Amino acid sequence: MTKPKTPPKRPKRLSARQLKEDIEFLLALKAMPPEKLGTLAPILEEATASYEKMLALEKEAARAEEALAAAKKKLHESHIAMAEARIADILNSGPDDYLDDDELERRDGTQAGSRPPTLH
């Protein structure tokens, strides 16, 4: 009988400190002359590509956060404008302009406060 395979574990997330140290190490490697890198050159190229991709994604995330903040601000402003318009409408209306729920007509033409039709 074979044991069921366990799913592979997710790699741990790097802490901010670890990431900073890795970036500093990458930048130190990039500063080295190519002849001293030796067999690390291909790995350095891949790491540099990943680092540049990370920087691009960080910029994209920052733009997305700015767009989200702007959209939230616009939504808030539109809610405020709607509330202010409603308040102005109420303040500018006369005392007889208000309808009670009992005065509303239904779709069938009967009043809301009246009894519903009875089926015999």
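At what angle do helix α1 and α3 pack, and how far apart are their axes? In this predicted model, helix α1, which covers residues 16-31, packs with α3 at an angle of about 130°, and the axes of the two helices are 11 Å apart. Angles under 35 degrees count as roughly parallel, over 145 as roughly antiparallel, and 65 to 115 as roughly perpendicular, while the rest count as oblique. The helices α1 and α3 are therefore oblique to each other. In addition, α1 passes α3 in a left-handed crossing. On the side of α1, the contact is made by Leu19, Ile23, Leu26, Leu27, Leu29 and Lys30; on the side of α3, it is made by Leu44, Ala47, Thr48, Tyr51 and Met54.

This pair of helices may now be placed within the whole protein. The secondary structure comprises three helices and zero strands, and the order of the elements from the N terminus on is α-α-α. The protein has 120 residues, of which 5% count as buried. Its accessible surface amounts to about 11700 Å², and 59% of that surface belongs to carbon and sulfur atoms.

One residue of the contact, Thr48, deserves a separate reading. Thr48 lies in helix α3, which spans residues 41-92. Is Thr48 buried or exposed? A residue is called buried when its relative accessible area is under 20%. Thr48 counts as buried because its relative accessibility is 13%.

The surroundings of Thr48 can be described in two steps. Within α3, a polar atom of the Thr48 side chain lies 2.7 Å from the backbone oxygen of Leu44. When residues up to four places away in sequence are not counted, Thr48 touches Leu26 and Lys30. Both Leu26 and Lys30 are among the residues of α1 that make the contact with α3. How far apart are Thr48 and Leu26 in sequence and in space? They are separated by 22 residues in sequence, and their C-alpha atoms are 7.5 Å apart in space. Thr48 thus offers a view of the packing from a single position: a residue of α3 that touches Leu26 and Lys30.

Key:
Residues numbered from 1 in each chain as written. Predicted model: local features only at pLDDT ≥ 70, side-chain atom pairs only at ≥ 80, totals over all residues. Heavy atoms only, no water. Helix = DSSP H or I, 4+ residues; strand = E, 2+ residues; numbered from the N terminus. Buried < 20%, exposed > 50% of the residue type's maximum accessible area, 1.4 Å probe, protein only. Polar contact = N/O pair within 3.5 Å; in protein donor to acceptor, adjacent residues only side chain to side chain. Contact = heavy atoms within 4.5 Å. Areas by Shrake-Rupley, 256 points an atom, 1.4 Å probe, with all protein chains shown as cover. Axes fitted to C-alpha atoms, helices over the stretch in contact; angles between N-to-C directions. Left-handed = near helix turned anticlockwise from the far one by under 90°.
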